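I am opening a notebook on this structure. The entries below record what I looked up, one topic at a time.

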Amino acid sequence: MPHQRWMIYGANGYTGELVARLAAGRGDRPVLAGRNAAAIRALADELGLDHVIFDLREPIATRRALADVDLVAHCAGPFVATSGPMVDACLGTGTHYIDVTGEHAVFEAVLARSAEAEAAGVVLLTGGGFDVVPTDCLANLLHAALPDATALELAFSAPGGMSRGTATTGLATSARGAFRRVAGVMVPTPMGTPARDVPFPSKVRRVGAVPWGDLVTAHHSTRIGDIVVYTRVPAPSLTSRLLRFAPFRALAARAIKRQPPGPSPETRAATKCEVWGEVRNAAGETRSATLTGPNAYDLTADAVHRAAEHLLAGTGGRRGGAVAPGAHTPGTAFGPDFLTGLDQVTVHAPTP
């Protein structure tokens with residue numbers, strides 16, 4: 001097989017750098033890319049990797065940079081602005097695509113381009129990080145255990161803090177409130193409503209509804225019509241009410257930029273994630289499952305690198321073969337078994 005060349009775009013960002021360092025530590029040699037020349041060059045020199053500088057707002061330069069690249073791991077947000085230009089270039093150059101978005105609009109836009117990807121012989125994999133690898137794969141595991149399921153509930157606990165990029169995206173999300181999917185339709189709901197107690201592996205936690213990516217991706221991969229996703233939601237406060245107003249969000253965004261890029265290595269090492277899921281059919285039968293894993297950002301870096309390895313090798317599909325060209329969620333690309341290949345992830349099989 002000819003040497004496969006792949007790229008990390010946005011390698012100077014918090015998540016992109018984690019992917020780059022992990023890949024280099026495993027002996028891989030991705031090309032590092034982005035538009036911040038000084039930061040990209042410094043990281044590439046440190047890791048002994050090639051680098052290229054280009055701006056996604058320049059379509060010709062972007063296609064030129066991807067012309068001899070077999071796969072790009074797209075880690076430069078905000079993805080609502082950057083994903084479309086990158087996907088356009090990938091379809092034009094025959095380059096496989098992985099992103100780490102958590103934005104509903106991006107999931108929908110990428111998944112809507114499946115026919116174009118099939119025609120180009122390209123895999124578009126959206127949600128290749130914590131949002132939504134563990135939840136989407138667990139949803140697919142549960143759907144396989146109860147194929148006639150009509151309702152899906154997912155919950156996650158991901159302590160350790162957020163990167164600046166995640167926090168900035170979260171500002172806009174918090175202003176819009178939460179959603180749930182009812183009979184296949186996205187329905188607005190107040191943040192944290194409904195709420196329930198969830199039996200995570202470590203303990204029972206009170207969680208509330210949030211606008212997590214599986215409202216799009218799990219619906220796409222399982223076709224289940226009723227979906228709610230939960231996590232810990234802070235009690236309503238004056239601050240949360242003020243975030244509905246654009247000027248206050250702008251102040252909050254400036255404050256975020258003054259924070260550290262993301263959780264420290266020590267914080268990541270000391271924190272673990274947990275995911276719970278349950279499906280139910282019309283007869284009232286249920287199946288539930290849980291998983292435990294490393295810090296969400298470490299899981300993201302590992303998932304992106306392993307997904308890139310699978311796609312470049314032409315293996316890792318739902319039945320062990322190549323992933324079919326088209327637009328995919330992690331579950332439709334790799335199936336639930338992808339979870340068992342991730343570092344420090346333990347899946348507790350579905351039970352009635």
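**Entry 1: cysteines.** I am working from a predicted model. I began with Cys273 and looked for a sulfur that could bond to it. The closest cysteine sulfur belongs to Cys137 and lies 13 Å from that of Cys273, so the two are too far apart for a bond. I also looked up burial: Cys273 has a relative accessible area of 0%, so I note it as buried.

I then searched the whole structure and found zero disulfides. Cys75 is in none either, as the nearest cysteine sulfur, in Cys90, is 12 Å away. A disulfide needs two cysteine sulfur atoms within 2.5 Å. Cys75 has 11% relative accessibility and therefore counts as buried.

**Entry 2: helix α5.** Which residues of helix α5 (residues 104-111) are buried? I list His104, Val106, Phe107, Val110 and Leu111. They cover an arc of only 165° around the axis, so I place them on the same side of α5.

**Entry 3: strands β1 and β2.** I looked up the pairing of strand β1 (residues 6-9) with β2, and it is parallel, over three bridges. One entry for this pair is Tyr9, whose bridge partner in β2 is Ala33. I next asked which way the residues of strand β2 (residues 31-34) point. Val31 and Ala33 go one way, Leu32 and Gly34 go the other way, and all are buried. Ala33, the partner of Tyr9, is thus noted twice on this page.

**Entry 4: strands β10 and β11.** Here I found the antiparallel sense: strand β10 (residues 195-199) pairs with strand β11 (residues 204-209) over five bridges. I wrote down Ala195, whose bridge partner in β11 is Gly208. How many residues does the hairpin use to join β10 to β11? I note four residues.

**Entry 5: a pocket.** I looked at the second largest pocket, and its volume is about 190 Å³. Two elements, α1 (14-25) and α13 (296-313), give two or more residues to its lining. I copied out the lining of this pocket: Leu18, Arg21, Leu22, Arg26, Arg268, Pro294, Asp298, Ala301, Asp302, Asp343 and Gln344. I sorted these residues by type and got four nonpolar, one polar and six charged. Among the lining residues are Arg21, Arg26 and Arg268, and also Asp298, Asp302 and Asp343.

Notes
Residues numbered from 1 in each chain as written. Predicted model: local features only at pLDDT ≥ 70, side-chain atom pairs only at ≥ 80, totals over all residues. Heavy atoms only, no water. Buried < 20%, exposed > 50% of the residue type's maximum accessible area, 1.4 Å probe, protein only. Arc of directions from axis to C-beta. 1 Å grid on protein atoms, 1.4 Å probe; cavity = no way out; pocket = protein on both sides within 12 Å on 5 of 7 lines; lining within 4 Å. Points joined across faces, edges and corners; volume = space filled by probe spheres on them. Nonpolar A, V, L, I, M, F, W, Y, C, P; charged D, E, K, R; others polar. Pairing = 2+ DSSP bridges.
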